[in-house]
Amino acid sequence: MSATETLEGYNFAYLDEQTKRMIRRAILKAVAVPGYQVPFGSREMPLPYGWGTGGIQITASVISADDTLKVIDQGADDTTNAVSIRRFFARTAGVDTTEKTEDASLIQTRHRIPERALKEGQILVYQVPIPEPLRWLEPRETETRKMHALEEYGIMHVKLYEDIARFGRIATAYDYPVLVNGRYLMRPSPIPKFDNPKMDNMPALQLFGAGREKRIYAVPPYTDVKSLDFDDHPFEVQKWDDCCALCGAEDSYLDEVVMDDKGRRMFVCSDTDYCEERRAQGHVGPLGTSPGTPQAAE
Amino acid sequence: MSQDTPLLSVQNVGKDYGETIGCTDVSFDLWPGEVLGIVGESGSGKTTLLNCLSAQLEPSRGKVIYDTRAEGPRNIFEMTESERRLLMRTDWGLVRQNPRDGLRLGVSAGANVGERLMAVGARHYGDIRQEACDWLEKVEIDTGRIDHLPSTFSGGMQQRLQIARNLVTNPRLVFMDEPTGGLDVSVQARLLDLLRGLVTRLGLSAVVVTHDLAVARLLAHRLMVMKGGHVVEQGLTDQVLDDPQHAYTQLLVSSILQP
């Protein structure tokens with residue numbers, strides 16, 4: 001899927017060089033202080049806030065001509081958001097794109113971490129809607145900054161306490177708060193908590209960009225990322241009774257797909273690349289046939 | 001902490017709002033286990049003074065020296081901000097006039113009481129909940145309501161919840177700003193009874209700001225009368241109320257309706 005031609009009249013990867021330098025400086029600071037939210041001068045991008053303008057600006061700043069880009073949205077490579085962003089960089093930067101997690105040097109993601117373990121040298125860029133983990137508990141920005149500075153994170157446990165008191169367990173299922181490197185409380189963006197353990201000691205570099213909120217933060221390779229919990233209610237991830245209907249995987253994050261209006265439903269891997277790779281290897285789930293069968297639309 | 005050091009020593013504290021005087025030249029010592037009442041008409045600088053003492057407002061002049069557990073007497077405005085904030089949520093309590101200012105209304109009563117525990121590192125849900133239950137009992141709130149939101153509580157219950165929330169870390173000093181304001185008389189009486197019991201049982205020191213002389217008489221060992229930002233008279237509560245020396249105190253005492 002290599003791009004054949006790039007758009008004329010645009011700088012490499014859309015952003016001008018001064019803006020990229022500014023963003024790279026913010027990224028360097030973010031890497032130096034894991035989990036700390038670095039403010040940056042977010043630019044208007046040719047797509048609306050909420051579509052991943054923060055992630056796109058990071059990607060535009062770190063991408064080089066010999067990078068291979070993969071873009072996923074909810075785990076899938078073929079949804080509107082992923083296709084649009086992939087095409088955007090194919091046209092403005094002329095880089096190679098791929099759907100294979102293994103082949104990508106740069107992965108921009110929304111809401112998921114790929115199932116296949118990432119390796120050294122890869123960069124994972126997250127799109128972040130709201131970077132501040134304490135936001136819904138403390139509306140004042142001045143106060144949340146002070147709380148970060150003084151490491152006053154007890155209030156986050158108040159939220160988890162409230163979850164247990166109401167639901168009998170920690171019901172937060174996505175955007176589950178983590179403590180990075182034993183210091184900064186961080187929002188991992190709206191990934192399911194299923195993916196939280198993958199962030200811990202990941203060999204790849206993780207960058208987080210929030211375009212509207214104008215913040216960048218990062219988790220350098222091999223950094224401790226601990227999900228908050230109580231001693232008697234330890235952190236645990238979602239489990240499913242079913243396996244993936246197409247590839248039979250039992251270890252991946254499953255999406256529930258409604259099949260008809262009679263209540264039939266199927267569970268499929270949310271990571272389309274992982275699912276296809278498994279089916280190519282000959283794994284077949286209860287509803288799967290052979291590779292190449294059209295998948296249920298999400 | 002020794003017997004011959006005051007818990008809180010206030011020296012010439014004053015706060016100006018531009019040209020206007022908030023309060024000025026206030027000095028007193030508060031000893032462990034002692035309850036000090038501050039009375040005066042509205043606008044006399046009571047709350048300004050309380051805010052200065054409880055480190056919510058930086059005074060323009062003077063020192064507030066607190067006898068910390070670890071390091072002995074220290075000026076609270078010379079501490080680092082993190083030390084001061086830690087002090088405020090462990091060794092101190094602050095009961096506000098309006099319970100809605102002091103409570104977290106979006107979370108349940110149990111979480112409100114447990115918040116300070118979690119802030120100082122408690123990470124065992126069962127223990128936190130047990131402690132919250134104990135405190136709800138101590139302030140006479142039905143433990144069956146532990147998971148209810150404070151907004152479903154009556155005014156008196158909210159005020160008692162606020163007290164429980166403050167006392168859960170066993171503070172040594174509690175600041176109260178009109179703790180019975182806005183409550184009806186019978187609820188006031190119950191709350192005062194409860195407060196008096198807690199203060200004696202736990203050996204708390206307290207600074208209570210009130211405009212209600214009856215509250216002051218019930219709770220306070222010592223009384224300070226303020227007018228126009230100045231302290232006009234201070235002494236033992238009974239002495240001040242029964243034999244007022246200053247003209248303003250005499251006016252204040254005589255203005256109480258005798259039923």
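Here are a few exercises, each with a worked solution, on a predicted model that has a chain A and a chain B.

**Exercise 1. Find out what secondary structure chain A and chain B contain.**

Start with chain A: run along it and you'll count seven helices and twelve strands. Now do the same for chain B, and you get ten helices and ten strands.

**Exercise 2. Work out whether the radius of gyration of chain A agrees with that of a compact globule.**

Step one is the length: chain A has 298 residues. Step two is the expected value, and a compact globule with that many residues would come out near 19 Å. Step three is the value for chain A itself, 20 Å, which agrees. If you'd like a picture to go with that, the C-alpha trace of chain A spans about 55 × 55 × 35 Å along its principal axes.

**Exercise 3. Repeat the check for chain B, using the globule rule.**

For 259 residues the rule gives 18 Å. The radius of gyration of chain B is 18 Å, so chain B is as compact as a globular protein of that length. Its C-alpha atoms fill a box of roughly 55 × 50 × 40 Å along the principal axes.

**Exercise 4. Describe how chain A is packed and what its surface is made of.**

First, burial: take buried to mean under 20% relative accessible area, and 54% of the residues of chain A count as buried. Next, contacts: among those with a separation of 6 or more, 62% join residues 24 or more positions apart in chain A. Last, the outside: chain A exposes about 13500 Å², and carbon and sulfur atoms supply 50% of that.

**Exercise 5. Now do the packing and the surface of chain B.**

Here 53% of the 259 residues count as buried. Of the contacts in chain B with a separation of 6 or more, 66% are between residues 24 or more positions apart. The accessible surface of chain B is about 11400 Å², with 49% belonging to carbon and sulfur atoms.

**Exercise 6. Locate the charges of chain A and chain B.**

Chain A carries 36 positive and 46 negative charges, and their mean positions are 5 Å apart. In chain B there are 26 positive and 32 negative side chains, with the centres of the two sets 5 Å apart.

**Exercise 7. Describe where chain B meets chain A.**

Begin with the residues: 22 of chain B are in contact with 20 of chain A. Then take the area: the two chains bury about 1800 Å² between them, 58% of it on carbon and sulfur atoms. Finally, look for the big contributors on the chain B side: B:Arg85, B:Arg123 and B:Tyr125 supply 40% of the area that chain B buries against chain A, more than any other three residues.

Definitions and conventions. Residues are numbered from 1 along each chain as its sequence is written. Chains are lettered from A and ligands numbered from 1 in the order in which they are written. This is a predicted model: local features need pLDDT of at least 70, side-chain atom pairs count only at pLDDT 80 or more; totals for chains, interfaces and linings use all residues. Side-chain values use heavy atoms; hydrogens and water are left out. Helices (H or I, at least four residues) and strands (E, at least two) are DSSP runs, numbered from the N terminus. The radius of gyration is taken over C-alpha atoms; the globule rule is 2.2 Å times the number of residues to the power 0.38. Buried means under 20% relative accessible area, exposed over 50%, partly exposed in between (1.4 Å probe, protein chains only). Contact means heavy atoms within 4.5 Å. Accessible areas come from the Shrake-Rupley method with a 1.4 Å probe; for residues, only the protein chains shown count as cover. Lys and Arg count as positive and Asp and Glu as negative; His and the chain ends are not counted. The place of a charge is taken as NZ of Lys, CZ of Arg, CG of Asp or CD of Glu. Buried area is the accessible area (1.4 Å probe) that two parts lose on being put together, summed over both.
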